Amino acid sequence: MFTDWTLLRLFPPLRAMWAAIGTQAKVAITGQNAKRVLFGTINVRTARRTVHVSRNAGAHEVRAFLLALRKAYRRAGTIWLLADRASGHTAAATLALAEALRIEFVWLPRQWPELNAMDQLWKELKRDVAANRQAASIDDLADRASQWVLNLTPAQARRKSGMASSRFWLRSLSQDFWLPT
């Protein structure tokens with residue numbers, strides 16, 4: 001599974017948008033900038049997604065996410081997570097908990113978010129859910145964002161994460177995955 005987190009802010013990301021010729025596009029904002037962090041995974045074989053909402057992205061929250069992930073995959077053997085080397089992932093307490101939960105990290109190269117399918121899914125999420133509009137509250141935004149990720153069909157999730165691309169870097173390997181017998 002690919003794993004990553006993204007930061008949602010109540011202040012919307014401003015992107016290009018259409019407006020009538022000669023007029024300025026307007027985006028209403030409150031001036032507040034609360035935040036939530038979405039931790040997520042996408043299964044390379046099935047495209048099943050998990051999402052966990054938190055207030056921060058520190059090592060403590062990463063450990064809470066690992067516990068939630070193990071709960072979601074109770075019957076699974078070892079869980080393999082393709083992840084970046086964020087400090088929350090590499091903290092000694094996180095690695096110890098991961099070992100106890102039978103979760104193994106596979107480290108992706110530094111500064112290469114294009115390799116992480118979950119990172120690509122977050123990019124699409126922000127474009128579709130958050131860009132150029134402000135939610136009523138940060139919790140409403142986090143809920144809408146979580147539902148957006150979880151309600152995608154497997155085909156949509158594969159396409160939006162880049163896993164459906166003929167140039168997906170794990171394509172040949174992922175075709176060799178099989179269901180447990």
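**Figure 1. Contacts and layout across the whole chain.** Among contacts between residues at least 6 apart in sequence, 68% join residues at least 24 apart. This is a predicted model, and its protein has seven helices and five strands. Walk along the sequence and you meet them in the pattern β-β-β-α-β-α-α-β-α-α-α-α. Of the 181 residues in the protein, 38% are buried. The accessible surface comes to about 10600 Å², and carbon and sulfur atoms account for 54% of that.

**Figure 2. A look into the largest nonpolar core.** This core holds 29 residues, and the ones touching the most other members are Phe2, Ile42 and Leu125. Two strands, E1 (2-9) and E2 (35-42), each supply at least two of the core residues, as do helices H4 (117-130) and H5 (138-151). H4 gives the largest share, seven residues. Another core, of 15 residues, lies apart from this one; Met1, Leu69, Leu81 and Leu101 are among its members. As background, nonpolar side chains in soluble globular proteins tend to be buried together.

**Figure 3. Leu8 and its surroundings.** Leu8 sits in strand E1. Is it buried or exposed? Leu8 counts as buried, because its relative accessibility is 3%, under the 20% cut-off. Look across to Val37: it is 29 residues from Leu8 along the chain, yet the two C-alpha atoms are separated by 6.0 Å. Leaving aside neighbours within four places in sequence, Leu8 is in contact with Ala34, Lys35, Arg36 and Leu38. The same list of contacts for Leu8 also takes in Leu125, Lys126, Ile138, Leu141, Ala142 and Ala145.

**Figure 4. Ala47 and Arg102, two loop residues with positive phi.** Ala47 is in the loop between E2 and strand E3 (49-54). Its phi is near 70°, a positive value in a residue other than glycine. Ala47 is buried, with a relative accessible area of 0%. Arg102 is the other one to find, in the loop between helix H3 (92-100) and strand E5 (103-107). Here phi is near 60°, again a positive value in a residue other than glycine. How much of Arg102 is accessible, and what does that make it? At 44% relative accessibility, Arg102 counts as partly exposed, because that label covers values between 20% and 50%.

**Figure 5. Arg63 and Arg70, two arginines of helix H1.** Arg63 lies in helix H1 (residues 59-72), and Arg70 is found in helix H1 too. Which of the labels, buried or partly exposed, goes with Arg63? Arg63 is partly exposed, with a relative accessible area of 22%. Arg70, by contrast, is buried, with a relative accessible area of 11%. From Arg63 to His89 the C-alpha atoms are separated by 8.5 Å, with their positions 26 residues apart along the chain. Setting aside neighbours within four places in sequence, Arg63 is in contact with Ala93, Thr94 and Leu97. For Arg70, the partner to find is Leu101: they are 31 residues apart along the chain, and their C-alpha atoms are separated by 6.8 Å. Leu101 is also one of the contacts of Arg70 once neighbours within four places in sequence are left aside, along with Ala76, Gly77, Thr78, Ile79 and Arg102.

**Figure 6. Ala98 in helix H3.** Ala98 is found in helix H3. This alanine is buried, with a relative accessible area of 1%. Which residues does Ala98 contact, leaving aside its neighbours within four places in sequence? They are Leu66, Ile103 and Phe105. Leu67 is 31 residues from Ala98 along the chain, and their C-alpha atoms are separated by 8.7 Å.

**Figure 7. The second largest pocket.** This pocket has a volume of about 210 Å³. Its lining includes Asp4, Asp84 and Arg85. Leu108, Pro109, Arg110, Gln111, Trp112 and Pro113 line the pocket as well, and so do Asn116 and Asp119. What mix of residues is this? The lining divides into four nonpolar, two polar and five charged residues.

Notes. Residues are numbered from 1 along each chain as its sequence is written. This is a predicted model: local features need pLDDT of at least 70, side-chain atom pairs count only at pLDDT 80 or more; totals for chains, interfaces and linings use all residues. Side-chain values use heavy atoms; hydrogens and water are left out. Helices (H or I, at least four residues) and strands (E, at least two) are DSSP runs, numbered from the N terminus. Buried means under 20% relative accessible area, exposed over 50%, partly exposed in between (1.4 Å probe, protein chains only). Contact means heavy atoms within 4.5 Å. Accessible areas come from the Shrake-Rupley method with a 1.4 Å probe; for residues, only the protein chains shown count as cover. A nonpolar core is a set of buried Ala, Val, Leu, Ile, Met, Phe, Trp, Tyr and Cys residues joined through side-chain atoms within 4.5 Å. On a 1 Å grid over the protein atoms alone, a cavity is a set of points where a 1.4 Å probe fits but cannot get out, and a pocket is an open set with protein on both sides within 12 Å along at least five of seven lines; lining residues have an atom within 4 Å of a point. Grid points are joined across faces, edges and corners, and a volume is the space filled by probe spheres set on the points. Ala, Val, Leu, Ile, Met, Phe, Trp, Tyr, Cys and Pro count as nonpolar, Asp, Glu, Lys and Arg as charged, and the others, Gly among them, as polar.
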